[in-house]
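Me: I have a model open and would like to see how its labels are earned. Could you take me through the reasoning?

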Amino acid sequence: MVGARPEDRPARPRAQRDPTMATRSYFVPGISCGHCKAAIESELSDVQGVVSASVDIEARTVAVTGDATDEAVRAAIDEAGYEVAGLA
């Protein structure tokens with residue numbers, strides 16, 4: 001409804017956040033480029049329970065949302081060729 005006033009638009013339901021989903025951030029000092037980002041995000045996309053994964057090259061962090069185990073996330077990052085130094 002282009003041009004419609006806010007009160008004329010149908011209400012959108014609010015997204016319900018799953019209480020079992022959490023976002024954890026990991027510090028991975030070896031991240032330095034787009035290849036690193038792509039490799040880590042690719043490995044994490046195959047982990048059961050990972051809903052999203054985002055690598056911040058500048059901060060050298062990996063944010064993972066979902067209910068995957070910490071061990072599974074760390075293993076995927078390791079499989080990509082990087083070492084987790086700890087939680088960010």
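Reply: Happily; what follows goes through the confidence, the two helices and the core.
This is a predicted model, in which local features need pLDDT of at least 70, side-chain atom pairs count only at pLDDT 80 or more, and totals for chains, interfaces and linings use all residues. Residues are numbered from 1 along each chain as its sequence is written, and side-chain values use heavy atoms, with hydrogens and water left out.

Me: What makes residues 12–16 a stretch to treat with care?

Reply: pLDDT is the predictor's confidence in each residue, from 0 to 100. The protein averages 87, and 77% of the residues score at least 70. Over residues 12–16, pLDDT stays under 50, and the model has zero contacts there beyond four places in sequence (contact means heavy atoms within 4.5 Å). Where pLDDT is low, the predicted coordinates should not be read in detail.

Me: How do you know that the span of H1 agrees with its number of residues?

Reply: Helices are DSSP runs of H or I with at least four residues, strands are E runs of at least two, and both are numbered from the N terminus. The expected span is 1.5 Å times one less than the number of residues. For the 12 residues of H1 (34–45) that gives 16 Å, and the end C-alpha atoms are 16 Å apart, so the two agree.

Me: Why are the buried residues of H1 said to be on the same side?

Reply: Buried means under 20% relative accessible area, exposed over 50%, and partly exposed in between (1.4 Å probe, protein chains only). Cys36, Ala39, Ile40 and Leu44 are the buried residues of H1. They cover an arc of only 125° around the axis, which puts them on the same side of H1; the arc is that of the directions from the helix axis to the C-beta atoms. On the face turned away from them are the exposed His35 and Ser45.

Me: What makes the buried residues of H2 line one face?

Reply: In H2 the buried residues are Val73, Ala76 and Ile77. Their arc is within 100°, so they line one face of the helix. Exposed Glu71, Asp78 and Glu79 sit on the face turned away.

Me: Why is the largest core called nonpolar?

Reply: The name means a set of buried Ala, Val, Leu, Ile, Met, Phe, Trp, Tyr and Cys residues joined through side-chain atoms within 4.5 Å. Of its 19 residues, Val28, Ile40, Leu44, Val62, Ile77 and Tyr82 touch the most other members. H1 gives the most to this core, with four residues.
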